Structures are given as C-alpha cells and as structure tokens.
Amino acid sequence: MAVDFETDIKALRATMATVREVVDLDGIRAQLTELEAQASRPDLWDDVENAQRVTSKMARLKAEHDRVLEMDARIDELEVLVELGSEEGGDDGRSALAEAERDLTALQQAVSVLEVRTLLNGEYDEREAVVTIRSGAGGVDAADFAEMLMRMYLRWAERHEHPTTVLDTSYAEEAGLKSATFEVKAPYAFGTLSVEAGTHRLVRISPFDNQGRRQTSFAAVEVVPLIESTDHIEIPEADLKVDVFRSSGPGGQSVNTTDSAVRMTHLPTGVVVSMQNEKSQIQNRAAALRVLQSRLLLLKQQEEDAAKKEMAGDIKASWGDQMRSYVLHPYQMIKDLRTGYEVGSTAAVLDGDIDSFLEAGIRWKRSAERADA
C-alpha cells in the first residue's frame, strides 16, 4: 500500500505543535537567559551545590530545546525529500521516495518518544532511578520471577545504553532472588520506570515442580528517584539503626570474609535498606544511605500528594496492587491491567522489550492525573 506522505507529515506536524505547546520553547529560552546570567557570575562556584544546580538545569533545558528544533528540521527535510522524489520520477524518484519512507518511519517513532517525554513533567521525573525488586507469594517460583524481572529491566537499560549499577542482591536458597536493588543512571529514568511500580504476577508451568503443575507467583517492583546533593534530606543519626554482616552469594555461600554488608533501618518510618555489593563497609554504608534518602524523598512526596487529595475530598487510590500479568501457560500473553495493553511476544518482553508498556503506562498515568486534577 502506497504511503500517504501528505497525511503522515501533517500528523507529525500536529503532534509537534502539541509538543511545542507543552514544552514552551519561549519559556525555556527565558529560563536559559536567566541561568546563563547566573552561570557567568564570577562567584558562581563559591556555592558548589547551587552551581551544580544551575549548570545541570542549563544543560537539561538546552537539550530539550534543541531536541524539539531538531525534530522540526527533520520533518522539513522529509517534506523536501518527498517533493524531490515526486518531481523526478523514474529510478531516482523511486529511490528518493523509498528513502523518504524509511525516514518517515524513523521520524514517527522519534516524535512518539518525544511526545511521551513531554508527559514526564512530575517533580522528580527527570531524575535517575533506583529500582528494587522483591519476591512475593509463590515460593521458589516467585524468587525465580524476581530474577526474571531484574534481567528484563537490565536488558531494557542495556538496549537504551543506560548505565546501571547493582547495589544489592539477596539470593534465595534454591534459585532466584529474595530481593535486588539497582540504579539506572539516565535522565528521566525515574519518570519512565515509575509506571513499573506495583505487583507483577507470573503464571506458568513451574520448572521447580516435578509434577509439572501450573504455578502463580508474585513479585513487587519499587521505583524511587535518585537523590541529588541539593535535596537536603537530613537523617539524624538517632533515627538510624545500622547492622553489619557478611555478604553472601547464591545458596548462602560466603563471598566475603569480613562484615562489609550493611543493613540500615530508618526507625521513624521502618524503611529498611540492605547493601552488600561494594567491597567495603564504608562504601556499602554510603550506598545504603543514598538509597534510604531516595526512598524517604519519594515517601515525602507521596504524603504531600495524599494530603492534597484529602483536602480536595478525593482519597481514592489511583493504582491497584496487581498491575501486570505474565501468562506463559496455557497461552502466551503479557497484559497490563491498568492500561489494557497486551502482547503475545512474551520472550521479547522478558528480554527487555518493554518500551510499548512504558509508553502506555506513562500516557495512562498522566491521563489519570488530569482526571483527578
């Protein structure tokens, strides 16, 4: 079927008009002018934290501004290529139109990604992310499922060239993980992955059941924004209980001969963080404190949001506990229970191909927030 370039290009321009309206290029330029004035002051680095905030925000806004302009330029170039191909005719014209069709497909995908990015406008959405996965009900199958989910997210990050750092892994006795925590070090990682938070359910023939019975198991995913030096989440020493122990590998095998692993408990909230992947107790303590601060930062935001909703008279929960089902038997399907989005290519999803679920989740979440506003 012939490509309707005119209609498709018109749709791209309409989407970009919406993106520009949300992004507010004039507002970004005004902010950049103000930030550049601050950055040019000779005493900028007298306050290191403020200097880092200014330079970081400048870089992010400039990248956002340039990304929109680049997409507009690519649409203009596509339109010129289509016109040349239509006018030339013959082999050259067909070659130009074939190239235009490839460019159109790439542009549609890029504009869709940019459109979703404009929806990530929450207070911490632009932050890097700390992801924790915990096995739930289902015994060894749940522990194995937790490890499957960790691999899925790490493969997704690898596909997008997002650096990751595994902070803690607690192995189950027979197979899989009791829990694992890792960082995804990329802009907007928190906003993107925050829609993965919740309870995930797996249905399959258990490889651990010698009778080959079907097993349902659960795992929980938590996503918090990585703290920055400017967040000022102060935790008094009196509010902390710190335990040290020896790191261990799969099956309880000792991988460390010193008490380098750290378990940190925030006494007022009961939040517990364990770290054992660094080589020294000092490094594990620093990593545990960073993740604890990140969780307390998100907890503070959730409490503020709950207070706002209560003041508005709206206290209904927006998110259900069980948010996605992974069915591997008797049929193959992965379905998000909030958005209704589903696919049959279970192996691809478990290998990190989750962008369509992330996009559907982000759109659903923002739609729900607008409805609650």
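**Close-up views of the predicted model**

**View 1. The salt bridge between E342 and K335 is shown with its surroundings.** E342 has a relative accessible area of 41% and therefore counts as partly exposed; the term covers values between buried (under 20%) and exposed (over 50%), computed with a 1.4 Å probe on protein chains only. The model is predicted: local features need a pLDDT of at least 70 and side-chain atom pairs count only at pLDDT 80 or more, while totals for chains, interfaces and linings use all residues. Residues are numbered from 1 along each chain as its sequence is written, and side-chain values use heavy atoms, with hydrogens and water left out. The closest N and O atoms of E342 and K335 are 3.8 Å apart, where a salt bridge requires a side-chain nitrogen of Lys or Arg within 4 Å of a carboxyl oxygen of Asp or Glu. K335 is likewise partly exposed, at 29% relative accessibility. Elsewhere, salt bridges with shared partners join R151, R155, E158, R159 and D351 into one network.

**View 2. R159 and D351 form a salt bridge.** Their closest N and O atoms are separated by 3.8 Å. Because R159 belongs to helix α5 (residues 139-159) and D351 to the loop between α8 (346-350) and α9 (355-372), the pair ties together parts of the chain that are 192 residues apart in sequence. Helices (H or I, at least four residues) and strands (E, at least two) are DSSP runs numbered from the N terminus. Both partners are partly exposed, with relative accessible areas of 44% for R159 and 21% for D351.

**View 3. Helix α5 is displayed from its first residue to its last, with E161 beyond.** The helix has 21 residues and reaches 31 Å between its first and last C-alpha atoms, close to the 30 Å expected at 1.5 Å a residue; the expected span is 1.5 Å times one less than the number of residues. E161, which follows α5, has a positive phi near 60 degrees.

**View 4. A salt bridge between D76 and R13 links distant parts of the chain.** The closest N and O atoms of the two residues lie 2.8 Å apart. D76 sits in helix α3 (residues 48-88) and R13 in helix α1 (residues 5-23), 63 residues apart. D76 is partly exposed at 39% relative accessibility, as is R13 at 31%. A search of the whole structure finds 25 salt bridges. Side chains of opposite charge can pair when their charged atoms come close.

**View 5. Helix α3 crosses helix α4 (residues 90-119).** The two axes come within 8 Å and cross at roughly 160 degrees, so α3 is roughly antiparallel to α4. Axes are lines fitted to C-alpha atoms, for helices over the stretch in contact, with angles from 0 to 180 degrees between N-to-C directions. Angles under 35 degrees count as roughly parallel, over 145 as roughly antiparallel, 65 to 115 as roughly perpendicular and the rest as oblique. The crossing of α3 past α4 is left-handed, meaning that the near helix is turned anticlockwise from the far one by less than a right angle; clockwise would be right-handed.

**View 6. Helix α2 (residues 25-39) meets helix α3.** Here the axes come within 10 Å and cross at roughly 145 degrees, and α2 passes α3 in a left-handed crossing. Residues making the contact (heavy atoms within 4.5 Å) include L25, I28, L32 and L35 of α2 and V54, M58, L61 and V68 of α3. Charged side chains also take part, among them R29 and E36 of α2 and K57 and E64 of α3.

**View 7. S179 is placed in strand β3 (residues 177-184).** With a relative accessible area of 18%, S179 is buried. Leaving aside neighbours within four places in sequence, S179 is in contact with I133, R134, D168, T169 and S170.

**View 8. T216 is located in strand β5 (residues 214-225).** T216 counts as partly exposed, at 34% relative accessibility. Apart from neighbours within four places in sequence, T216 is in contact with A137, G138, R201, L202 and V203. The C-alpha atoms of T216 and S356 are separated by 24 Å, with these positions 140 residues apart along the chain.

**View 9. The whole protein has nine helices and eleven strands.** Its C-alpha atoms fill a box of roughly 75 × 70 × 50 Å, taken along the principal axes. Of the 373 residues, 40% are buried. Among contacts between residues at least 6 apart in sequence, 65% join residues at least 24 apart.
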